[in-house]
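Visitor: Before we begin, could you take me through this model slowly, with the reasoning spelled out at each step?

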Amino acid sequence: MQYLRLQRGMTLVEMLVTIALMTILVTMIFSAVYYFYSYNAYALAQTTEVDNARRSLTRLTRDLREMTYAEDGSFPIVIKNDHLLGFYSDIDYDNSVEYVEYELSSTTFYKRMYNATGSPPTYNPTPDEEIIISEYVQNNLEATSTFSYFDSGGNQLFASDLLTDVRYIRVQIIVNVNPIQAPGEFLLRTSIAPRNLKDNL
């Protein structure tokens with residue numbers, strides 16, 4: 001005598017439970033992949049921006065070190081504010097002194113260059129070149145000055161102090177592509193004693 005074997009399939013409830021479990025599993029995998037790529041994209045953007053800012057600070061250091069008197073004999077430093085520094089320097093080594101400004105405006109850090117023209121030399125009112133150093137500088141958000149100035153005794157100078165007292169300049173920028181996401185801000189700092197501001201010249 002032969003016994004009939006009944007082949008039993010999945011019930012509707014079992015099928016719904018299986019589909020629900022598969023959906024949860026696929027959602028978790030896609031979420032992990034999305035988080036991985038979005039985090040890596042942020043980390044890459046932050047690394048790139050910090051590297052750009054580091055190279056720009058190296059150029060700024062060189063420009064400040066070569067600070068000199070203007071073509072018309074004006075003192076090397078023109079403006080000294082917390083977020084704006086204007087000075088004369090031969091930054092392109094063409095034996096002509098340029099007027100240079102470094103300014104942090106909101107979160108964007110600019111470098112502007114003005115060439116001297118004519119005889120007697122005058123400086124253009126609009127920049128001949130403007131470069132964005134970084135668009136993600138958070139100094140204003142962190143209430144931190146970009147430029148700090150010191151006299152020959154190491155005492156910090158303020159806006160009311162004379163330009164001619166400056167002997168030492170400290171520059172610091174806080175770079176962060178996204179302030180609300182880890183790993184967070186990166187502080188870059190440089191210090192310069194301009195050669196042509198020394199007292200023993």
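**Loops, strands and a buried tyrosine**

Visitor: Where along the chain does Ala143 lie?
Guide: This is a predicted model, in which local features need pLDDT of at least 70 and side-chain atom pairs count only at pLDDT 80 or more, while totals for chains, interfaces and linings use all residues. Residues are numbered from 1 along each chain as its sequence is written, and side-chain values use heavy atoms, with hydrogens and water left out. Strands (E, at least two residues) and helices (H or I, at least four) are DSSP runs numbered from the N terminus. On that numbering, Ala143 lies in the loop between strand 7 (129-134) and strand 8.

Visitor: Is Ala143 buried or exposed?
Guide: A residue is buried under 20% relative accessible area, exposed over 50%, and partly exposed in between, with a 1.4 Å probe and protein chains only. Because Ala143 has 72% relative accessibility, the class that applies is exposed.

Visitor: What is the phi of Ala143?
Guide: Most residues other than glycine have a negative phi. Ala143 is not a glycine, yet its phi is positive, at about 55°.

Visitor: Which loop holds Ser106, and what is its phi?
Guide: Ser106 lies in the loop between strand 3 and strand 4 (108-114), and it counts as exposed because its relative accessibility is 52%. Although Ser106 is a residue other than glycine, its phi is positive, near 60°.

Visitor: What form does the peptide bond from Ser119 to Pro120 take?
Guide: Most peptide bonds are trans. Pro120 is placed in the loop between strand 5 (116-117) and strand 6 (122-123). With omega near 0°, the bond from Ser119 to Pro120 is cis.

Visitor: How many residues of strand 2 are buried?
Guide: From strand 2 (residues 84-89), Leu84, Gly86 and Tyr88 point one way, while Leu85, Phe87 and Ser89 point the other way, and all are buried. The strand is therefore described as mostly covered, with a buried count of 6 of its 6 residues.

Visitor: Which residues are the bridge partners of Leu85?
Guide: Two strands pair if DSSP finds at least two bridges between them. Strand 2 pairs in the antiparallel sense with strand 1 (residues 77-80) over 3 bridges, and also with strand 3 (residues 98-105) over 6 bridges. Leu85 is the partner of a residue in strand 1 and of another in strand 3, and these are Lys80 and Tyr102.

Visitor: Which strands stand at the edges of the open sheet of 4 strands?
Guide: The antiparallel order in this open sheet is 9-8-10-11. Each edge strand has a single partner, so one side of it is left without a neighbour in the sheet, and the two concerned are strand 9 (156-157) and strand 11 (186-192).

Visitor: Which residue in strand 10 stands opposite Ser148?
Guide: Strand 8 (residues 147-150) and strand 10 (residues 168-175) pair in the antiparallel sense over 4 bridges. Opposite Ser148, in strand 10, stands Arg170.

Visitor: With which residues is Tyr149 in contact, beyond its neighbours within four places in sequence?
Guide: Tyr149 is found in strand 8, and it counts as buried because its relative accessibility is 3%. Contact means heavy atoms within 4.5 Å. With those sequence neighbours left aside, the contacts of Tyr149 are Lys80, Asn81, Leu84, Leu85, Asn155, Gln156, Leu157, Val166, Tyr168 and Ile169.

Visitor: Which element has the highest mean pLDDT?
Guide: The predictor's confidence in each residue is its pLDDT, from 0 to 100, and the protein averages 85, with 90% of the residues scoring at least 70. Among the elements, the lowest mean, 82, belongs to helix 1, and the highest, 96, belongs to strand 8.
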